[in-house]
Structure formats: C-alpha cells, structure tokens
Amino acid sequence: MDVLNDICSSLRLKAELYFHAALDAPFAVRLPEEERHIRFHHMLSGRAYVAVPGQPAVALNPGDMVLVPEGASQILSSDAAARDAIPLEAVLAAHPVEGDTLRVGHGAPDCRILCGYLGFDPGILHPVLSVLPPVIVLKRNDATCGSALQLLHDEALLSGPGAFFVLHRVVEILLIQSLRREATASSPAHPYMEALRDPPSPSA
C-alpha cells in the first residue's frame, strides 16, 4: 500500500475558492483563524507577502503559491513590514465581492491573487495535517510542482468552460505534491513525514 495515496484518499480533500482579489497597493489584510482549512493564495500578477504568527513574511511573485495549514491567521500585504492590517471582515463590508472578484482600489490593480482553501472530512484528524510546516511556499520554477502551478495560472486567467472544476482539481494536486516534497526532503520536518517515503508494500 502506498501510504501517501491512502492518506490523500482518506482525507477526502476538496478545494474551494473564496475570490479573485484585485488589489491596489498599499494594502494589508488580516485573515482570521479558520479551523479545518488549508488556505492558499496563488499570485496571478504583481507581488505580495504572506505572514503567519511567529514566521517571517514570504514573498510571492506571479505564478507562485503559498499554502497555510491549520487555518492559521495570516496577513496578506503589499509590504513585508506591514503592521496595521485591516480585518478581512471590514474589507468585505467596504468592498463586497462582485461575481467572484474582490476589488479594492480603482483602475488597473497592482496585484491579482486567487484565494481559496482546501477542506477535508471533518471527522478525520490525520496526523499528517498536524506536522505540516506552518507555511508551504511553491515557486513557479520548482521542478516538483511548476507544471501544476502553470496550469493553475493559465486556467485562472482563462476562466473558460470547465475552468472552475480544473482549478479545484489542480489545487488538490498541488497539496499532494507538497506532501510528497516534504516526505522526500533530505531532512523531513517530522519523523512521520519520513515514514511517508517508505515504498509501497507488495500486493499479496
């Protein structure tokens, strides 16, 4: 049995989109904690930073993506040193989402981001979820996930027939690729991750 395949099947992953964010700089938005979700932000254009408590801000360029496990609170900003972040609830009250787009500012946006989350079966608390790094950064030139990131990027910009379904599936694939990358790292963050690289058991 392939352990990673078994984990991904048992979690019953399901990706959902919050919105396409079209933001003018400067901006700093604070997202609250949200249990049982793995949030993601995929950069479509511009540059932004994501910071979670106790971790340095990570920079995202077009084609990059960040996954934030455990539903941790986070700040999405145009400046790595942003301090006075506005709660997401206040941003949504002032700028209601129209269609699938959260627009803050006027004219051509400085930054466009695809925002969403991965949910999973609430009755399952798999240990792999508790040992993930607090922030997982996927770069567009990464050999492991670059092709999936490019497909996600193209489909998000295309918004053609079936794009919504493709986006969901590609995000799920990116999480699985992230788990595989963590498991095969030279120094896995946790012994449990190291166990995931054990070869599948031969069938009887």
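**Helix α4, the nonpolar cores and the enclosed cavity**

Within helix α4, the buried positions are Gly146, Ala148, Leu149, Leu152, His153, Glu155 and Ala156. The model examined here is a predicted one. Elements that cover the buried residues of α4 include β1 (14–23), β3, β6, β10, β11 and α5. The length of the helix was compared with expectation: at 1.5 Å a residue, the 13 residues of α4 should span 18 Å, and the end C-alpha atoms of α4 are indeed 18 Å apart, so the two values agree. After α4 comes Ser159, which has a positive phi, near 55°.

The protein as a whole contains 6 helices and 11 strands. Of its 204 residues, 45% are buried. Among contacts between residues at least 6 apart in sequence, 77% join residues that are at least 24 apart.

The largest nonpolar core is made up of 24 residues, and Met65, Leu67, Leu138, Leu152 and Leu174 have the most contacts inside it. At least two residues of this core are supplied by each of β3 (37–45), β6 (65–68), β10 (111–119), β11 (136–138), α4 (146–158) and α5 (163–184). Helix α5 provides the largest share of the core, 6 residues. Apart from this core lies another, of 22 residues, whose members include Val58, Val68, Leu102 and Ile113. Leu138, one of the residues with the most contacts inside the largest core, is in contact with Asp64, Met65, Leu67, Cys145, Leu149, Leu174, Ser178 and Arg181 when neighbours within four places in sequence are left aside.

Two further buried residues were examined individually. Leu114 is located in strand β10, and its relative accessibility is 0%, so this residue counts as buried. With residues up to four places away in sequence not counted, Leu114 touches Leu17, Phe19, His20, Phe40, His41, His42, Leu44, Leu152, Ala156 and Leu167. One of these partners, Phe40, is 74 residues from Leu114 along the chain, yet the C-alpha atoms of the pair are separated by 8.1 Å. Two of the other partners, Leu152 and Ala156, are among the buried residues of α4.

Glu172 belongs to helix α5. Its relative accessibility is 12%, and since buried means under 20%, Glu172 counts as buried. Leaving aside neighbours within four places in sequence, the contacts of Glu172 are with Leu13, Lys14, Ala15 and Leu118.

The search for enclosed space returned 1 cavity of 30 Å³ or more. The largest cavity holds about 110 Å³ of space. Its lining consists of Tyr18, Phe19, Ala21, Leu23, Val29, Leu31, His41, Leu76, Leu88, Val91, Leu102 and Cys115. By character, these lining residues divide into 11 nonpolar and 1 polar, with no charged residue. Strand β1 gives the largest share of the lining, 4 residues, and β1, β2 (28–31) and α2 (88–94) each contribute at least two. Phe19 and His41, both part of this lining, are also among the residues touched by Leu114. Leu102, likewise a lining residue, is one of the members of the 22-residue core.

Terms used:
Residues are numbered from 1 along each chain as its sequence is written. This is a predicted model: local features need pLDDT of at least 70, side-chain atom pairs count only at pLDDT 80 or more; totals for chains, interfaces and linings use all residues. Side-chain values use heavy atoms; hydrogens and water are left out. A nonpolar core is a set of buried Ala, Val, Leu, Ile, Met, Phe, Trp, Tyr and Cys residues joined through side-chain atoms within 4.5 Å. Buried means under 20% relative accessible area, exposed over 50%, partly exposed in between (1.4 Å probe, protein chains only). Contact means heavy atoms within 4.5 Å. The expected span of a helix is 1.5 Å times one less than its number of residues. On a 1 Å grid over the protein atoms alone, a cavity is a set of points where a 1.4 Å probe fits but cannot get out, and a pocket is an open set with protein on both sides within 12 Å along at least five of seven lines; lining residues have an atom within 4 Å of a point. Grid points are joined across faces, edges and corners, and a volume is the space filled by probe spheres set on the points. Ala, Val, Leu, Ile, Met, Phe, Trp, Tyr, Cys and Pro count as nonpolar, Asp, Glu, Lys and Arg as charged, and the others, Gly among them, as polar.
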